[in-house]
Amino acid sequence: MIELHSSPTPNGQKVMIMLEETGLEWKHVDVSIRLGEQFSPEYLKLSPNNKIPAIVDTEGPGGGPYTMMESGAILFYLAEKTGKFLPKDARKRYDTLQWLMFQMAHVGPMFGQANHFNNYAKENIQYAKDRYNNESVRLYRVLDNRLRDKPWIAGDEYTIADIATYPWTKGHADRGVDKAGFPNFMRWFEAMEARPAVQRNNKMANEIRARMAKAAEGKTPINMYDTKDNAARLSRATGH
Ligand SMILES: N[C@@H](CCC(=O)N[C@@H](CS)C(=O)NCC(=O)O)C(=O)O
């Protein structure tokens with residue numbers, strides 16, 4: 001059994017899609033990052049970087065529970081555990097890892113910063129908005145180019161690179177990314193949305209969001225974007 005300790009953000013959804021695709025037995029344990037639950041001493045034992053997602057595999061390598069943080073590493077682990085979505089052929093395997101790292105190092109962090117400066121920053125900083133919005137559109141262009149002569153991001157097979165990238169790219173319409181300018185990306189995006197596991201993820205993500213919003217009613221949220229406060233919370237929780 002895989003316990004997914006998480007929220008249905010893009011990084012959380014990657015793991016949900018993988019779990020649905022592989023057919024592993026799993027359950028979602030809600031961790032509200034809005035309420036600061038990522039700083040509880042119990043959660044920090046699973047994820048020392050106070051971020052979701054984390055998993056506990058109750059039957060980890062060598063037997064017994066195994067705990068992991070970092071969504072890219074989790075996808076890699078689940079792919080190796082099940083023998084699915086990470087090709088055996090060496091070239092295809094390294095292609096998959098390159099594009100998984102591309103998502104982890106570029107698509108996630110840049111889209112995340114764009115989202116922050118567009119929607120949550122205390123000040124309206126045009127330079128920061130331009131920097132991250134332009135970079136995000138450039139990354140859609142990289143994906144569109146890559147998908148010009150390949151059905152999937154890593155090549156001819158559906159892999160963890162596709163699973164990692166999809167939840168981050170859902171906001172394409174807001175960035176002006178459409179069929180006319182990014183036809184290959186859009187063909188891939190539609191192929192992703194046609195997958196039953198992806199559809200189940202999207203439905204579940206809405207349900208979990210609603211459940212967590214209800215559980216948070218009447219509780220005071222933390223300011224997740226106050227990095228000084230985050231550092232102090234981590235210090236208090238770990239006693240250092
Ligand atoms: N590289 C990490 C990033 C995880 C991450 O940034 N998670 C965010 C939500 S998507 C989070 O937990 N934020 C809470 C916080 O920063 O305190 C991964 O891919 O797992």
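In this predicted model, the centres of domain 1 and domain 2 sit 22 Å apart, going by C-alpha atoms. The domain assignment splits the protein chain into domain 1, which covers 2-84 + 197-238, and domain 2, which covers 90-194. So much for the layout; next comes the contact between the two. Domain 1 puts 14 residues into this contact, and domain 2 puts in 13 residues.

On the domain 1 side, two elements give two or more residues each: helix H1 (10-22) and helix H3 (71-82). H1 is the top contributor here, with seven residues. Sorted by class, the domain 1 residues that touch domain 2 come out as eight nonpolar, four polar and two charged.

Then there's the inside of the protein. The largest nonpolar core is made of 47 residues, and Met18, Leu75, Ile160, Ile163 and Phe185 have the most contacts within it. Both domains have a share in this core, with at least three residues coming from domain 1 and at least three from domain 2. Ile160 is a handy residue to look at up close. Setting aside neighbours within four places in sequence, Ile160 is in contact with Met18, Leu75, Phe76 and Ala79, and also with Phe85, Leu86, Thr96 and Leu100.

Finally, there's the ligand. It has 14 residues around it, and the closest of them are Thr9, Asn11, Ile33, Lys51 and Ser71. The mix of classes in this shell is eight polar, four nonpolar and two charged residues.

Methods: Residues are numbered from 1 along each chain as its sequence is written. This is a predicted model: local features need pLDDT of at least 70, side-chain atom pairs count only at pLDDT 80 or more; totals for chains, interfaces and linings use all residues. A residue is near a molecule or strand if its C-beta atom, placed from the backbone, lies within 6 Å of it. Ala, Val, Leu, Ile, Met, Phe, Trp, Tyr, Cys and Pro count as nonpolar, Asp, Glu, Lys and Arg as charged, and the others, Gly among them, as polar. A nonpolar core is a set of buried Ala, Val, Leu, Ile, Met, Phe, Trp, Tyr and Cys residues joined through C-beta atoms within 7 Å. A residue is buried if 20 or more other C-beta atoms lie within 10 Å of its own, exposed if 12 or fewer, and partly exposed in between; C-beta atoms are placed from the backbone. Domain bounds come from an automatic or database domain assignment. Two residues are in contact if their C-beta atoms, placed from the backbone, lie within 7 Å. Helices (H or I, at least four residues) and strands (E, at least two) are DSSP runs, numbered from the N terminus.
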